[in-house]
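Open the model in your viewer and keep the selection panel at hand. Here is a short tour, stop by stop.

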Amino acid sequence: MEQANTDMLINKHKEFNEVWGNPRGIKALTIVNHTTMGIRFLCTSGVFFLIGGLLSMVMRTQLALPAQNLVSPDTYNQLFTMHGTVMMFLFSVPAMEGLAMYIVPKMIGARDLVFPRASALGYFCYLFGGLILLSSLMFSMAPNTGWFMYTPLTSTAYSPGRNADFWLLGVTFVEISAVVTAIELVVSIMRTRTANMALQHMPLYCWFVLVMSLMIVFGFPPLILGSILLELERAAGMPFFSPGQGGDPVLWQHLFWLFGHPDVYIIFLPAAGIVSTIIPVFAQRPIVGYRWIVLAVITTGFISFGVWVHHMFTIGIPKLAQAFFSVASMLIAIPTGIQLFAWLATLLAGRPVFRLPMLWILGFLIIFTAGGLTGVMLALVPFDWQVHDTHFVVAHMHYVMIGSMLFPLIGGIYYWLPHFTGRMPSKMLGTLGFWLTFIGFNVTFLVMHWTGLLGMPRRVYTYAAGLGWDWPNLISSVGSFIMAAGIAVIILDFIVLARFGRPAGSNPWQADTLEWATQTPPNPYNFISLPECPTRHPLWEHPNLQQTIAEGKHALAVASHGRRETWGSDPISGKVREIIHLPGNSWLPFFATLMLAFVCITLLLRVYVESLVFVAILMLILLRWSWENGAHPKAAPDAKTLPGEPPLHSRTFDGPGLWGMAISLLADGAIYMALLFGWFYLWTVAPNFTVPSHPLLSTPWLIASGVLLLITGIGYRHLCQKIRKKQIQSLQISLWIIAIIGGMHTILLIVVFKTAELELANTAHDAVVAVLLIYQLLHSVVAVIMTMMLALRVAYGYIGQQALYEPIVVEQWWLYTTFTYWITFTALVLFPKTWGG
Amino acid sequence: MAFAFCYILRRFSVADVNANAVFIHQKPAHEACERNHHDGHERHPKAKGIDIDTHIVNAQKPIISRHRKHHDREYSMTPASDETSYTRHANQINQANKACDGAKSSADACQPEPSSRKKIFLCGNESNVSCNESYQGGNRKMNHHGMNRMAENGHAASNGFMCHFCKLCHLWHFFICMVVDKRVAMLMMICTSFFLAGCDGPQSMLAPAGPAALAVSRLWWGMLIFFTLVLFGISFLGWYAMQPRKEPLPDKSANRLANYLIIGGGILLPLVSIVVILLFGIPAGIKMLPSQTKGEKALRIDVTAHQWYWEFYYPEYDITTRDQLWIPVKRPIDIYGTSHDVIHSFWVPRLNGKIDLIPGYQNHLRLQASTHGTFRGQCAEFCGKWHARMIFWVKAGPEEEFERWVQGQKNKPQLLSAVAQEND
């Protein structure tokens with residue numbers, strides 16, 4: 001009997017591995033599986049962390065004694081710029097996203113993330129972007145203007161080299177990765193939870209990741225836009241940030257901190273999610289105040305977008321605005337306090353056991369509280385006027401970042417190490433590593449508060465003796481080396497673990513969440529069968545869940561049809577709605593990213609013809625990518641499901657693609673909002689903004705073009721209504737007609753653009769007008785291409801009576817394009833008329 | 001600990017050597033360490049130079065009990081050049097004696113040297129080294145009369161500014177003396193002295209020399225004490241929560257506990273803290289704003305920051321200086337700043353907070369020095385390769401001295417403005 005059982009399990013595993021298995025060798029580049037991608041993200045970010053750490057070691061050595069000349073000022077500037085950039089863009093956010101990619105699908109009982117190829121694209125973008133950024137160090141051309149890249153220091157006049165371009169292009173590349181991954185995480189959490197896992201049953205970690213991802217979707221686009229504008233200024237001389245020609249350097253600061261401050265919470269929230277996962281497990285009771293915490297997380301997300309100006313209290317903004325942003329910044333202490341005290345209450349109410357991950361969590365509690373308290377101090381405007389841009393802020397920021405991100409992350413890695421590797425960490429080395437890191441950290445940064453109060457500014461490559469800064473700096477430097485030793489011990493621990501760790505067995509910490517119901521280390525498909533989960537603590541309530549899952553006693557336990565399947569469920573209640581079939585391994589993400597990297601490199605070299613060639617190849621690859629979808633032979637040619645099972649998502653009107661498009665448009669909308677903000681900001685605030693005496697754009701042609709767009713928009717919507725009723729007699733013709741009218745609209749828009757004779761390099765006004773028009777043009781072109789592709793797919797039979805899902809996805813794009821067109825029209829034509837341009 | 005101890009001792013020995021050549025000035029130990037050291041090394045040789053008429057020496061000497069007694073007895077009756085200021089010192093020494101049991105107090109006693117040369121000593125917080133020389137050249141004709149007044153003002157002002165923290169410090173020493181065993185007390189005192197010694201410095205915002213910086217430093221000390229308590233409270237709660245327990249709380253009381261903690265600690269505590277901070281912070285902030293001019297007309301100075309130097313223009317007098325800012329004590333100064341190239345930030349920590357200087361914009365900041373002295377200022381916004389070297393000095397002296405300097409500048413304006421134009 002037992003033998004038969006084991007055989008059955010092995011056969012099941014083989015059957016699933018046929019479909020889900022990861023290839024080896026060069027083909028490993030085609031893997032799209034979230035477990036592999038998560039591990040890759042984590043390992044890569046670990047390497048970048050070490051590089052960033054080494055840079056800081058050089059800086060601390062240089063600052064250990066006054067008037068040292070270990071590195072030149074220019075090298076030092078590269079060091080601190082790269083340290084900040086690497087830690088923020090190449091370590092913190094990707095590490096958090098990587099962990100989320102690994103954990104989230106397992107926690108919500110799914111087999112993979114919902115857009116697996118996008119996972120791979122995200123990873124390669126991250127890797128290539130990071131390599132491009134770091135390669136600048138090899139060429140001694142690393143960015144040297146601070147990770148905040150304030151203009152006009154970064155404009156060509158003051159930074160003629162390629163240093164700033166490396167930053168702008170490399171970071172934008174990495175940000176594409178962050179945004180793509182975030183979109184994917186949002187849709188996965190909302191749409192692929194296992195049966196009956198309603199929102200209120202979702203593990204807290206997923207709530208944190210959900211809010212973090214939405215924050216990335218809204219928070220990163222302003223910086224992407226800012227980087228594009230600055231690169232345009234540097235490469236094409238469009239003066240967005242040059243005060244002489246009507247630009248404004250402060251606009252860059254707004255765009256940067258619109259991203260920069262939410263970024264702090266983007267990093268903190270998933271870490272707090274780790275804490276909220278670990279604490280109940282080791283307190284051996286459910287977390288108290290689940291609703292409080294969820295509410296606090298959402299509030300944090302909202303407030304964090306209203307506090308960016310606290311990085312700019314010294315630029316001379318109006319006092320009322322300072323007061324508003326000061327109070328808003330302080331208020332964030334409330335949701336954070338709620339989380340903190342909910343964790344403490346959970347520990348107080350439970351029976352805590354002291355294991356290695358808890359050590360890191362306690363370290364987090366102390367350091368993060370201290371960092372939060374200095375944060376409240378900094379939010380107080382008069383105090384900020386003094387300590388802004390001093391080492392006090394450096395100390396505060398490291399307390400917040402290392403305390404709230406690194407400590408929980410290492411705690412989390414220790415917690416999930418048995419899951420990653422199937423082996424238990426060593427207690428002795430782990431404890432030693434913790435204490436060295438903890439003590440070293442506090443020695444370094446506690447003293448650094450004092451250094452700042454004694455008046456030492458940030459970003460100085462050296463200082464004179466006799467200002468009272470000598471000893472505190474030496475102490476900080478010694479502390480930083482202790483901390484580095486701690487990190488070394490932790491790495492040693494990981495190596496030892498991989499070699500000699502004792503096997504972990506299943507669920508070694510007696511955790512409650514679903515990820516521990518997989519094998520350790522997990523198989524690519526996570527679960528043979530997908531269980532129902534109408535509870536927050538599935539493993540505490542059903543201790544034998546792991547076994548019943550492995551025996552295939554739950555849903556979707558068949559893979560002989562060759563499809564990768566997971567549940568598509570209702571976003572609120574978690575009721576099963578359809579089967580989502582996921583694409584398999586593919587070369588497309590790798591080559592798409594490779595082309596993107598070539599585009600990036602050619603832009604760096606300023607050989608624009610070559611860039612255009614690579615953009616064209618990239619477009620072809622992306623078109624191929626979207627071609628292999630739905631009813632395509634490589635996706636799901638036949639839609640047969642087992643009796644009683646819901647239909648495949650591509651055979652319904654509601655699939656993850658719809659959500660993916662919606663969330664992408666949110667990110668796109670955030671770019672657009674930031675662009676509009678820039679337009680109105682320059683108009684109202686910039687000191688030398690000049691408006692041409694006569695309107696540049698031909699209003700009648702603009703209206704004509706807009707009316708054509710309106711017709712396509714309404715027409716497309718009408719078409720989709722018919723599709724929903726399955727009336728598709730003239731689908732292909734209608735799509736072609738819409739594409740043609742859309743094309744006419746696009747051509748008219750190009751004519752308007754051409755005839756306007758904008759002086760791009762002379763006035764910021766014309767430069768912004770051009771960017772708004774180009775934005776609109778790109779959207780129109782993409783809409784037309786997508787519509788033409790849909791028409792072709794109808795011709796090929798991939799869209800037909802049974803599979804009518806795809807045109808509906810594009811509907812949102814058309815509506816969005818129409819909507820932004822008329823807003824742009826209002827902003828460019830009507831606004832100047834009413835405001836007396 | 002031993003490390004700290006050696007450090008302190010080293011400082012004391014330097015101060016001892018130097019003590020014979022200096023003016024009486026009294027400050028608690030924590031104020032002094034940092035400065036003495038440098039004064040000892042760098043000021044002393046200069047004091048002997050005949051060509052420097054105006055020379056500023058500031059020597060305070062922290063003294064451990066026995067040294068202190070010695071100094072008190074030996075020097076405290078020495079006639080000082082300025083009677084009023086001396087009386088004040090004597091009083092303070094007595095107070096310190098009363099407060100601290102006479103044995104473990106720390107105070108400074110320094111003595112004016114009956115100088116045979118034309119040397120003038122000022123009290124101020126000064127450890128400026130090289131950049132001053134050009135100044136002093138331009139300030140030769142300062143007379144004794146003015147300088148004496150300066151000394152007087154300097155005393156009053158610096159005492160006023162330090163006392164808010166001195167009191168705390170004395171209280172702490174008193175507490176140590178009363179409560180703890182002598183050896184422990186010694187050790188603790190050395191620790192605190194070491195910790196507090198750091199407050200001082202030519203660019204330290206914790207050594208305020210103007211009303212705005214004073215307001216901020218008060219805010220800081222208040223917040224430090226309050227938040228340290230909060231931090232210890234939360235850390236203790238965390239430690240207590242981790243203690244092993246046999247039984248978990250039943251669900252009902254767990255929920256009640258959670259609600260108490262979340263509402264009390266998570267909502268009320270931050271809310272009350274924020275209100276309290278704002279209650280103190282808003283008035284402090286308003287005090288720092290330029291709107292308040294108490295009758296006296298503010299002196300306008302236009303600052304233009306360049307990569308990497310400062311240009312100061314006095315529109316009233318049509319004087320331009322570079323990297324050196326002369327201001328009259330007590331008079332409000334309106335700084336109007338902009339930048340010639342990239343963004344810089346104008347910052348004199350001992351006088352006020354910073355203001356960014358942004359090309360295309362003109363920003364405004366109010367400075368006011370309550371005490372004489374030379375204060376170090378530095379660019380606080382990263383501005384490129386030599387950001388670290390973008391330093392300037394603010395020289396605050398009495399009105400007459402300032403007027404004299406203005407006259408001196410007008411007589412030879414071509415030099416400095418030529419330099420400024422050259423760099424434009």
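Accessible areas here come from the Shrake-Rupley method with a 1.4 Å probe. Keep in mind that this is a predicted model.

**Stop 1: chain B.** Select chain B and show its surface. The exposed area is about 18,300 Å². Carbon and sulfur atoms supply 62% of that area. Now switch to cartoon. Chain B has eleven helices and twelve strands. Of its 424 residues, 56% are buried. Next, draw the contacts within chain B. Take those between residues at least 6 apart in sequence: 75% of them join residues at least 24 apart.

**Stop 2: a helix pair in chain A.** Select residues 204-236 of chain A, helix α6, and residues 249-283 of chain A, helix α7. Two packed helices are described by the angle between their axes and the distance between the axes. Here the axes come within 8 Å and cross at roughly 160°. That angle makes α6(A) roughly antiparallel to α7(A), because angles over 145 degrees count as such. Rotate the view to check the hand: α6(A) passes α7(A) in a left-handed crossing.

**Stop 3: the cysteines.** How many disulfides does a search of the whole structure find? Zero, over all chains. Select C43(A), which is in no disulfide. Its nearest cysteine sulfur, that of C125(A), is 19 Å away. Move on to C600(A). This residue is buried, with a relative accessible area of 5%. Why is there no bond from the sulfur of C600(A) to the closest cysteine sulfur? That closest sulfur, in C125(A), is 9.9 Å away, too far for a bond; a disulfide needs the two sulfur atoms within 2.5 Å.

Terms used:
Residues numbered from 1 in each chain as written. Chains lettered and ligands numbered in written order. Predicted model: local features only at pLDDT ≥ 70, side-chain atom pairs only at ≥ 80, totals over all residues. Heavy atoms only, no water. Helix = DSSP H or I, 4+ residues; strand = E, 2+ residues; numbered from the N terminus. Buried < 20%, exposed > 50% of the residue type's maximum accessible area, 1.4 Å probe, protein only. Contact = heavy atoms within 4.5 Å. Axes fitted to C-alpha atoms, helices over the stretch in contact; angles between N-to-C directions. Parallel < 35°, antiparallel > 145°, perpendicular 65-115°, else oblique. Left-handed = near helix turned anticlockwise from the far one by under 90°.
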